[in-house]
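User: I would like to learn how to read the contacts in a model of a protein with more than one chain. Where should I begin?

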2 protein chains.
Amino acid sequence: MKKMIGKLGVTSVILIAMSMSAQAKEKVYKLKMATTWGKAATPLIDTAHNLSKMAEEMSNGRLLIRVDSSNKHKAPLGVFDMVKGGQYDMGHTASYYWKGKDINTLPFTSMPFGLTAPEQYAWFYHGGGLELMQKVYSKHNLLSFPGGNTGVQMGGFFRKEIKTLEDLKGLKMRIPGFAGEVMAKLGIQVTNIAPGELYTALDRNTIDALEWVGPSMDINMGFHKIAPYYYTGWHEPASELQVIVNKRKFNKLPKDLQTILTTAIRVSAYDMYIHNYDMNATAWAKMKKEQPNIKVKTFSKEIMDAMKKANQELRNEMSAKSPLLKEVLDSQDAYMKKAREWTKMSDYLYLKDNL
Amino acid sequence: MKKMIGKLGVTSVILIAMSMSAQAKEKVYKLKMATTWGKAATPLIDTAHNLSKMAEEMSNGRLLIRVDSSNKHKAPLGVFDMVKGGQYDMGHTASYYWKGKDINTLPFTSMPFGLTAPEQYAWFYHGGGLELMQKVYSKHNLLSFPGGNTGVQMGGFFRKEIKTLEDLKGLKMRIPGFAGEVMAKLGIQVTNIAPGELYTALDRNTIDALEWVGPSMDINMGFHKIAPYYYTGWHEPASELQVIVNKRKFNKLPKDLQTILTTAIRVSAYDMYIHNYDMNATAWAKMKKEQPNIKVKTFSKEIMDAMKKANQELRNEMSAKSPLLKEVLDSQDAYMKKAREWTKMSDYLYLKDNL
């Protein structure tokens, strides 16, 4: 050893040894994540906080993810561009918000009359869904991962009972996105009103109906107190949120931190599905207590058939414009055809016998 | 620096610096996990391999888990004792196998007419279920975590159609565990036959019926080719496997590796639920093709009511002997009462409108 030291010089050897030690202490990677949600939007935003916490703990502080809610960055619908542009490294959002930028992003959240949550996760992880999502997002230099599921969303609150297609004609309803386009085809007057003004609009008959999420997030809005007909869901049977990551930033992470990050995303997504299941069950029990007159209704077969027809027409129009969109929708359809047969004989028949 | 070196001696300083470096490279922790399953038992054993792989990658090789299938350790029903005794650090198994050792372990897998998979995960993670499971296992110096769900298991293959309670009387059926006790109360002659001999026993009328798992694991057994009545499930609506960990061994892990381990367990458990969903859907499509005459049947209301009554009697007998078991069953019942209301208006009514 002394001979070796002689050649290098004592100080050099010590500095090399110390630098090895410092390197092993290892670099801290700091990422910034923007969410589409406000800071109080439980359980959506919890998913972002949970994955950040898990990443920090599993990496022993080497991977730190700062979560900025929309209260901070003020651009809930700017998340896609901010992550694509590198202002943020990651985003927690929902794919279908970006259909105006790229129509192919639409089907990765949930499609009307589409896959349920377990069916959709099976499609993502075993039916080619995740690969198709990466294919769509790679054009934008982004990675996209399943980021939490709401389960079945409710069809909305109506002040009056809806029995026939005629009852829908001219009805003023707040129902955004693709579901709104389906409803418009049935003669509904679809309006857009800011969330903070919805209760008043419904109370003052500015609108006759509205769609929000499900009991877990509906309860604090108070709609059930003024619109007692609560219709079951058809338009978003399993809304999956997405975590998008700037690909260049992701590639800069060491391999172990990449796995820590994708694992934290994956488990916090499943966790949100389960958390929201619990929140829905709890909120629904409370809603019924607060408003015993609330009535759960399903749309009639006549209305459902008309919705399905309108839905198919819109899908065909969009598919004609984008072969990649057609590829994704066809993949979902083929998977559902297979998986629904199993769902029928397992979950459905079990529930039917144990209501 | 030279002054400091003078005091300590050159070699000492170098050794200290090098030891700091070695420490930072950090200790490798090696754990051994025994599974109740054989090496080919997909998707059950995949869960063990997946969590081992994830732990290794996330820890950058600092946490290595060796998976020994029952082919290796030869004691599928010895896993509990081997982990409790410290011969193994961890086990991948199912809680209800240990009801003979501790009756309180029974309800954490699945109970007849009980919670569905999302309901049960919600109970574990938000309804107090996990805390109750730890309470039961802590007496054995073990930790226990949800370790993968099969979803709804099928009620079994029958050579003849079962229409009335009378048709069940004297029928020879292989159906182990608690479900077998329920069936025995209905006059079924419950027999135990080794898995490798089941096909021949069914083919030669040594037995008239048998319960195995669901399409994903039933298909390779070939039962559908000789017993065309495939009854829907009632007895294991959401069988959750468990990962058990020796508490002393767990406590020796550094905090970051503890979180890596529990996260890897948690996500691989959810993953198994989704993997088996996909496998069931695929296997069922294949079974129908191989055997077009296969008929999916549900038990009649008369039979279901008798099963529910027998089930309740058995639960009451066991609960009378163990206050802790009663506490767990009451917790599940209360949670199901709340959650099923939500399941009805969400998953059930959605599926009903989209069969």
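Analyst: We will go through the interface, then the salt bridges, then the symmetry. Keep in mind that this is a predicted model.

User: How many residues of chain A are in contact with chain B?

Analyst: Start with a count on each side: 76 residues of chain A are in contact with 76 residues of chain B. Then look at the area. About 7,200 Å² is buried between chain A and chain B, and carbon and sulfur atoms give 70% of that.

User: Which three residues supply more of the area that chain A buries than any other three?

Analyst: They are Y277(A), W342(A) and Y350(A), which together supply 12% of the area that chain A buries against chain B.

User: What polar links cross the interface of chain A and chain B?

Analyst: There are 22 residue pairs in polar contact between the two chains, counting pairs with both residues at pLDDT 80 or more. The rule also finds four salt bridges across this interface. One of the salt bridges between the chains joins R266(B) to D271(A), with the closest N and O atoms 3.0 Å apart.

User: Which elements give residues to the side of chain A that touches chain B?

Analyst: Those giving two or more residues are the helices α1 (2-8), α2 (10-25), α3 (44-58), α6 (117-126), α13 (255-290), α14 (301-321) and α15 (323-353) of chain A. The largest share comes from α13(A), with 19 residues. Sorted by class, this side of chain A has 42 nonpolar, 17 polar and 17 charged residues.

User: How many salt bridges does the structure hold over all chains, and how should I read one?

Analyst: The structure holds 44 over all chains. For each pair, check the distance, the position of the partners along the chain, and their exposure. Take R62(A) and D256(A), whose closest N and O atoms are 3.1 Å apart. This pair links distant parts of the chain, 194 residues apart: R62(A) is in the loop between α3 and β2 (63-68) of chain A, and D256(A) is in helix α13 of chain A.

User: Are R62(A) and D256(A) buried or exposed?

Analyst: The cut-off for buried is under 20% relative accessible area. R62(A) is at 13% and therefore counts as buried, and D256(A), at 6%, counts as buried too.

User: What does a salt bridge within one helix look like?

Analyst: In chain B, D305(B) pairs with K301(B), the closest N and O atoms being 2.7 Å apart. The two are separated by about one helical turn because they are four residues apart in helix α14 (residues 301-321) of chain B. D305(B) is partly exposed at 35% relative accessibility, while K301(B) is exposed at 63%.

User: Which residues are joined into one network by salt bridges that share partners?

Analyst: K185(A), K309(A), E313(A) and E317(A) are joined in this way. Within that group, E313(A) and K309(A) form a salt bridge with the closest N and O atoms 3.2 Å apart. Both lie in helix α14 of chain A, four residues apart, about one turn of the helix. E313(A) is partly exposed, at 29% relative accessibility, and K309(A) is exposed, at 56%.

User: What turn lays chain A on chain B?

Analyst: A turn of 180°, with a shift of 0.0 Å along the axis, lays chain A on chain B with an RMSD of 0.0 Å. That is the relation of a two-fold axis. Both copies use the same surface, since 100% of the contact residues of chain A recur in chain B.

Definitions and conventions:
Residues are numbered from 1 along each chain as its sequence is written. Chains are lettered from A and ligands numbered from 1 in the order in which they are written. This is a predicted model: local features need pLDDT of at least 70, side-chain atom pairs count only at pLDDT 80 or more; totals for chains, interfaces and linings use all residues. Side-chain values use heavy atoms; hydrogens and water are left out. Contact means heavy atoms within 4.5 Å. Buried area is the accessible area (1.4 Å probe) that two parts lose on being put together, summed over both. A salt bridge is a side-chain nitrogen of Lys or Arg within 4 Å of a carboxyl oxygen of Asp or Glu. A polar contact is a pair of N or O atoms within 3.5 Å; within protein, one must be able to donate a hydrogen and the other to accept it, and residues adjacent in sequence count only if both atoms are side-chain atoms. Ala, Val, Leu, Ile, Met, Phe, Trp, Tyr, Cys and Pro count as nonpolar, Asp, Glu, Lys and Arg as charged, and the others, Gly among them, as polar. Buried means under 20% relative accessible area, exposed over 50%, partly exposed in between (1.4 Å probe, protein chains only). Copies are superposed by least squares on the C-alpha atoms of residues with pLDDT of at least 70 in both.
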